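Me: I'm a first-year student and I'd like a close look at one part of this protein. Could you pick a helix and walk me through it and what surrounds it?

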Amino acid sequence: MLLEGKKILILGIRNKWSIAYGIAKSAYENGAKLIFTYMGEDNKSKIEELISEFEGSKAYVLNGASEDEIVKDVFTKIKEENGKIDGLVHAVAHANTEDLHNDFIFTGKDGFSHACDVSAYSLVLVSRMAKELDMLNDNASIITLTYHGSTKVLDGYNVMGVAKAALEASVRYLASNLGNDGMRVNAISAGPIKTLSAKGIKDFSTILNVIEEKAPLHKNVTTVQVGNVATFLLSSMSESVTGQVIYADNGYNIMGV
């Protein structure tokens, strides 16, 4: 098993349809011990039920992945109770609904800042905090999630596309910094999947139809498939890969039309 004996921290699990859950399932099946964070104390029972199939896993409330002191407090507790980790999965992103539904030109300063803080700065913060608290084992791997809307204009993605572009640039700079310590940072650009977050994108079902028609493999990607790519990036099999955006979209990104 690729992750036998490794401890993986997954930030932002929400439900069984999320990409974070697909990553957790693949990592667990490959031998990883899992640690999770989630939003909202009132979601505790739901999250505990969700992760109950991952024997020995733990979950911690993290209400503010872009807030320095909150992340520090939660990460300190995680390290005290679990020791060092071998991998960190950043599955955190958010934009205001109106900023997804309205034309991008109408994005306000608060909405712009919110999307970039939660979706991009949070990766920088959790990476820095994990390093400063000495949470990461040698050869640790950090992964985040992005989307094709970071490089192409997609109707309804708007400010999230800008935030994901910032996220991808952050991956490259973090990879350069953490490479000095032998640690890796990569992003997975998954094809569209019916997640809770995807419901905020206008005409999302149309996007799924386009992928089936245009992608070389003529089908949409699943959370299990994305999870398997994540397991590869978390494992020593990818020890020479860092600073990259790996597409898991059945080839759609290579098509010109």
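Reply: Sure, let's start with threonine 231, which counts as buried because its relative accessible area is 2%, and the cut-off for buried is under 20%. Keep in mind that this is a predicted model. Threonine 231 sits in helix H8, and that helix covers residues 223-234. So what does threonine 231 touch, if we skip residues up to four places away in sequence? The list is Leu2, Leu3, Ser26, Ala27 and Asn30.

Hang on to Leu2, since that name comes up again at the surface. Leu2, Phe232 and Met237 make a nonpolar surface patch of about 290 Å². Leu2, then, is a contact of threonine 231 and also a member of this patch. Met237 belongs to the loop between helix H8 and strand S7, which spans residues 245-248. Is methionine 237 buried or exposed? Methionine 237 counts as exposed, because its relative accessibility is 58% and the cut-off for exposed is over 50%.

Now go to the loop between H7 and H8, where you'll find valine 221. With a relative accessible area of 9%, valine 221 is buried. Here's something fun to look for in the 3D view: valine 221 and glycine 191 are 30 residues apart in sequence, yet their C-alpha atoms are 5.9 Å apart in space. Gly191 is also one of the contacts of valine 221, once you leave aside neighbours within four places in sequence. The others are Pro192, Ile193, Val226, Ala248 and Asn250.

Since that loop also leads us to H7, take a look at the second largest pocket, which has a volume of about 340 Å³. Its lining has 22 residues, and the closest to its centre are His148, Leu154, Ile207, Val210 and Tyr252. Two elements give two or more residues each to the lining: strand S6 (184-190) and helix H7 (204-214). Which of them gives the largest share? That's H7, with four residues.

One last stop, for another buried residue: aspartate 99, in helix H4 (residues 97-101). Aspartate 99 has a relative accessible area of 7%, so it counts as buried. Not counting residues up to four places away in sequence, aspartate 99 touches Thr107, Gly108, Gly111, Asn158 and Val159.

Conventions: Residues numbered from 1 in each chain as written. Predicted model: local features only at pLDDT ≥ 70, side-chain atom pairs only at ≥ 80, totals over all residues. Heavy atoms only, no water. Patch = residues over 30% accessible without salt bridge, like charges linked within 9 Å, V, L, I, M, F, W, Y side chains within 5 Å. Areas by Shrake-Rupley, 256 points an atom, 1.4 Å probe, with all protein chains shown as cover. Salt bridge = Lys/Arg side-chain N within 4 Å of Asp/Glu carboxyl O. Buried < 20%, exposed > 50% of the residue type's maximum accessible area, 1.4 Å probe, protein only. Contact = heavy atoms within 4.5 Å. 1 Å grid on protein atoms, 1.4 Å probe; cavity = no way out; pocket = protein on both sides within 12 Å on 5 of 7 lines; lining within 4 Å. Points joined across faces, edges and corners; volume = space filled by probe spheres on them.
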